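Grab your viewer and work through a few exercises. Try each task yourself before reading its solution.

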Amino acid sequence: MAKVMAVLSSGYADEKNNYVTGWWAEELFAPILALQKDGHIVGLASPDGGKPVVDPLSISEEYDPDGTYKKLYESGIADKTTPIVDVKASDYDAIFIVGGHGAMFDLAHNKDLHAIINIVYEHGGIVGAVCHGPAPLIYTKTKEGRGFLEGLQVTGYPNDKEPEEVRGLLPFSLEDELRRTADYSDAPDEKAYVVWANERIVTGRDPQSSALFGKELAKKLAQIEEEKEEEFFA
């Protein structure tokens, strides 16, 4: 049983353009379901703590036609998050950053989150991100000053899927920044797409990749635990 920290955007609002965004429901709940199915414990964190803002589109009929994620959201399981600054990174075996456009606004340049990412990784843990979740990985620097994703293959939400109406409202292009920082990969013909950059960094392309992302993360955590047991009893 591993301890996993899921990091969510607290939310972002542009009143002038009537634009509200935050974390994407499927990208939190689908991985959580996969992780909990295998007995892992998932905690939640956000920049402000408390109840973070969900992107309303992610629980709309258009994007959640069966109401699966809306029901989970309304159950209140994502209502309480720990402020990122209060997270003890060494307590966790893995961290994954939930997507949604909000991640580009309040997670991308969050220094406390960058520090947590490095600590989890340096302690042998797994770092994951799905959809727009890789945004903070782009700007994380290792203690040697190297880009966290430098030279690694990653994926994330592609430019050609970004809604036209929000492109001018976003602080940057996720795909463009990933291409500058790492080896960006996409598989447009695949319904779900997840990339392991190495043994301990994993990224998922979009909301449709969330369930696969969760399964891959759960499988890797089980593998690590099994290896630790074998070493203990050797």
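Two strands pair if DSSP finds at least two bridges between them. Helices (H or I, at least four residues) and strands (E, at least two) are DSSP runs, numbered from the N terminus. You're looking at a predicted model, where local features need pLDDT of at least 70, side-chain atom pairs count only at pLDDT 80 or more, and totals for chains, interfaces and linings use all residues. Residues are numbered from 1 along each chain as its sequence is written, and side-chain values use heavy atoms, with hydrogens and water left out.

**Exercise 1. Work out the strand order of the open sheet and find its edge strands.**

Step one: line up the 7 strands, and you get the order 5-4-1-6-7-11-10, with mixed pairing. Step two: look for strands that pair on one side only, which are strand 5 (82-83) and strand 10 (194-198). Step three: check one neighbouring pair. Strand 7 (residues 126-130) and strand 11 (residues 201-204) run parallel, with 4 bridges between them, and Val127 has Ile201 as its bridge partner in strand 11.

**Exercise 2. Is strand 1 largely enclosed or not, and what does Ala6 stand opposite in strand 4?**

Start with burial, where buried means under 20% relative accessible area, exposed over 50%, and partly exposed in between (1.4 Å probe, protein chains only). In strand 1 (residues 3-7), 4 of the 5 residues are buried, so the rest of the structure largely encloses it. Next, take the neighbours: strand 1 is joined in parallel to strand 4 (residues 41-46) by 5 bridges, and in parallel to strand 6 (residues 94-97) by 4 bridges. Now zoom in on Ala6: Leu44 stands opposite it in strand 4, while Phe96 is its bridge partner in strand 6.

**Exercise 3. Find which residues of helix 7 are buried and why they sit on the same side.**

First, pick out Leu174, Glu175, Glu177 and Leu178, which are buried in helix 7 (residues 174-181). They cover an arc of only 165° around the axis, so they lie on the same side of helix 7; the arc is that of the directions from the helix axis to the C-beta atoms. Then look at what covers them: helix 3 (102-106), helix 5 (135-139), strand 8 (153-154) and strand 9 (183-184) are included, with contact meaning heavy atoms within 4.5 Å.

**Exercise 4. Classify the ring pair of Tyr139 and Phe172.**

Rings of Phe, Tyr and Trp (its six-membered ring) pair if their centres lie within 6.5 Å; planes under 30 degrees apart count as stacked, over 60 as edge-to-face and the rest as tilted. The structure has 8 aromatic pairs. For Tyr139 and Phe172, the centres are 5.7 Å apart and the planes at 80°, so call it edge-to-face. Now place the partners: Tyr139 is in helix 5 and Phe172 in the loop between helix 6 (164-167) and helix 7, 33 residues apart, so to speak a link between distant parts of the chain. Phe172 counts as buried at 13% relative accessibility.

**Exercise 5. Asn18 and Cys131 have a positive phi: which is buried and which is exposed?**

Most residues other than glycine have a negative phi.

- Asn18 has a phi of about 55°, lies in the loop between strand 2 (12-14) and strand 3 (19-21), and is exposed at 70% relative accessibility.
- Cys131 has a phi near 65°, lies in the loop between strand 7 and helix 5, and is buried at 2% relative accessible area.
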